[in-house]
Structures are given as structure tokens and as C-alpha cells.
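I opened this one to jot down what the coordinates say about the fold, the domains and the ligand site. Here is the entry I looked at.

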Amino acid sequence: ALECGIVGLPNVGKSTTFNALSKATAKSSNFPFCTIEPNVGIAIVKDERIDALVDLVKPANVVYPTVKFVDIAGLVKGASKGEGLGNQFLSHIRDVNIIVHLVRCFEDEDIIHVEGSIDPKRDMEIISTELILSDLQIIENRLAKAKKTNKQEAGILEEIKLKLEKGERLVNLKAEEENIAKELKLISAKKVIYVANVDEKSINGNKYTEIVEKIASQEKAPFMIISSKIEEDLAQMEDEEKKEYLEMLGLKESGLEKLSKLSYTLLDLITFFTAGPKEVRGWPIKKGTTAKKAAGEIHSDIERGFIRAEVTSFDDYIKSGGEKQAKEMGLVRLEGKDYIIQDGDIVYFRFNV
Ligand code: GDP
């Protein structure tokens, strides 16, 4: 599953954002998960194509692709050395695919800033530095071992260490560096989305969000603005009311919806669909996934016994009016195990049990 870890200094709005997420989740039905941990929230990735398929097929059940958000609390200056809640909390972050870095861009005398003032650049540096220091510890431990046993690996580790010591994030790595970064789950090698949290008045930006945006663009990382307070309100509204409120704000979608979509595309994910009377479902896969591998997303038995995939493009499916009609019109293609699944394909897998 696609996992995003939300990081940021205390009092930047992580819990507020997170509560909004949990409330929105609790309101949405048809949830594929039964229990979720307290620091975990699940967001649906909205997809109009699924709605269109539901209108046509009228299934008993609908499942949208989802993104899992993990609240990584406890990051403060010195966390990598054990300050605050310390390193134990940093360990949660190592398993996520994307880091969502939330930055405080709202003023409020009543809400203390741990560093005493609103200063996005400094805040972002504190967080980045802690993450880098935490990676450096891991590199140094590994390097001590590699020096004795694996000279080649030690060389690669030295290169990574050099970058980290310069305060650089680990982007554009060579293949061998990438492998080690993955194995050691280095945080600095993960993709980042910068999110500026603003008050209700600044949804189109303010002097602080400009700073965040500039840093994000220097790092070629995506940037967006959210108002955690607005998200909380939106999460409690019914669809119609929510639509009106968003229109009033001049927004197309909620911040959380935008964030889910952004993380989805950042990881190069596309969606294929399965559609039948029991269920219409969207399945996230990496761009370039073969039919056989995609079958494995549904069940390992289907991958193992794969015979062929019956594939209809989304447009053909809708145009013809459903599976049966698409078959009659010759719009259903038979594809083998090496077929690369395309975004929007509606797939029926044939397999041996
Ligand atoms: P966390 O420590 O990062 O989890 O931050 P919280 O979500 O607990 O937020 C800290 C405080 O800031 C809470 O009292 C929030 O209600 C408040 N807060 C969050 N976002 C905003 C905002 O946009 N404007 C104002 N004025 N307060 C906010």
C-alpha cells in the first residue's frame, strides 16, 4: 500500500490535519480495512472513472484506491540525538514511501511555536537536518562494518555520507547507491511533498507560503497549500454542503484529496479497474507493470495460474455500455502475461486454479 509519513515541528498542525483525515475516513463507507491504528489515517483517491463504472455496472460494492497516512509525531531539534520523543519515533518514518513535510504558515499568538517565531525556512531546515542526522548514524554504523568486510560497499557508503554531510537530500542516485539507500531505508532518499499549513484567510497563500514554495521548487519537490482548520470543517460536512463550501473558497477539491492525488502521481502510480456485479474496484500499480504482475495485486493465485487478461479500455467500456456489449463489438482484447497494463484498463483475468 502507498504510505505517506507526515512530519513537521510540534504545533504546525499535524494532529489537526490528521483528525480531519480520520473524520473523513470514518464517514466514507465500504472500507476495505477493519481496524486502523491510532496514528494512521486512510484517504480515498477520488477517481471519476470509478463513479462512471458504478453508474453503468451498479455493483454491490465499490473500492477506491487509497493512500495511508502515518502521523510521525515527536520530531524536534535534537530528535536524532534522542531529544523529545527521539529516535524511536524516527523509526516509523523509515517504512513510508513519501514524506509529507508540513510547515507552519499561520500566525497565532495563542499557539506557541517551539522555536519562538514563525519562520518556515528555519523550521524546514531543522526537520531536514534531523532526518539527515538520523540517516548519517545508520550510514556510519554500516560503514564501520563494511570497512572490514566489503570495501566496495564501503566506497559507496562514503559517497552517500559525503552528500549527507553537505546537507543534501539523496536525489539522482546511481543504481548501486539507490540499492543501499533502499536497503537501509534512508529517509533522505524518499520523495518529499512540502505542505504549507495556513489559516482560513490565506488559502491562496501568504508571505510564509512563498518561502516554502521557493525551497520546494529549488529541490524540485511538489508543493501545496492546505488549511488544516478548513479540512476539519470539510471532513464533517455532507457531500452537497462540502461542494458549496469548496466553491465558496474557490477550490476544486479538499486539501487532503489533492494531497492523496499528488502522492499517487509522485510515485508513478496508475489505476486499472475490475468491474462486475459484486464489485467495482480501482487497483493502484506502478506504471509499466505487466498483466501477470498486476494479477498478483488481486491474488497470488491469479498471478501463479495466469492464462490471459481480457482488457477493455475505459473509453471503449463506457462507449459500448458494459462488458457484454464491448465483447460483441470486438472491443475486448486478449492480452498475454507480458502486456503492460495501461491507466484506465478494465481487466478480467483468466487463470488456472
Ligand atoms: P501538531 O503538534 O503539529 O500536531 O499541531 P496541532 O495540530 O496540534 O496544532 C497545534 C495548534 O494549532 C492547535 O491548537 C490547532 O488548533 C492550531 N492550529 C492548527 N492549524 C491552525 C491554523 O491554521 N490557524 C490557527 N490559528 N491555529 C491552527
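My notes follow, from confidence to fold to domains to ligand.

**Confidence**

I began by reminding myself that this is a predicted model. I looked up the global scores and found ipTM 0.94 and pTM 0.89. The protein averages a pLDDT of 91, and 94% of the residues score at least 70. Then I asked myself which elements of the protein have the lowest and the highest mean pLDDT. The lowest is helix α3, residues 87-93, with a mean of 71. At the other end I found strand β10, residues 306-312, with a mean of 98.

**Overall fold**

I counted secondary structure next and got 14 helices and 12 strands in the protein. Is the chain as compact as a globular protein of its length, or less so? The radius of gyration is 23 Å, close to the 20 Å that the globule rule gives for 353 residues, so I wrote down that the protein is as compact as a globular protein of that length. For a feel of the extents, I noted that the C-alpha trace spans about 65 × 60 × 35 Å along its principal axes.

**Domains**

I then checked the division of the protein, which gives domain 1 (2-266) and domain 2 (288-351). Their C-alpha centres lie 33 Å apart. Where they touch, I found four residues of domain 1 in contact with five residues of domain 2. On the domain 1 side of that contact, I noted three nonpolar residues, one charged residue and no polar ones.

I also looked at the UniProt record, an unreviewed entry, which places the feature "domain: TGS" at residues 268-351. In the model, that span is 31% helix and 37% strand. The C-alpha atoms at the ends of residues 268-351 lie 28 Å apart.

**Ligand site**

I saved the ligand for last. How many residues surround the ligand, and which are the closest? I found 17 residues around the ligand, and the closest are G13, K14, S15, T16 and D108. The elements that give two or more residues to this shell are α1 (14-27) and α8 (228-235). Helix α1 gives the largest share, three residues.

Finally, I sorted the shell by residue class. The split is five nonpolar, eight polar and four charged residues. That is where I closed the notebook for the day.

Technical notes:
Residues are numbered from 1 along each chain as its sequence is written. This is a predicted model: local features need pLDDT of at least 70, side-chain atom pairs count only at pLDDT 80 or more; totals for chains, interfaces and linings use all residues. A residue is near a molecule or strand if its C-beta atom, placed from the backbone, lies within 6 Å of it. Helices (H or I, at least four residues) and strands (E, at least two) are DSSP runs, numbered from the N terminus. Ala, Val, Leu, Ile, Met, Phe, Trp, Tyr, Cys and Pro count as nonpolar, Asp, Glu, Lys and Arg as charged, and the others, Gly among them, as polar. pLDDT is the predictor's confidence in each residue, from 0 to 100. UniProt positions are given in the numbering used here, feature names are shortened, and annotations may be inferred rather than shown by experiment. Domain bounds come from an automatic or database domain assignment. Two residues are in contact if their C-beta atoms, placed from the backbone, lie within 7 Å. The radius of gyration is taken over C-alpha atoms; the globule rule is 2.2 Å times the number of residues to the power 0.38.
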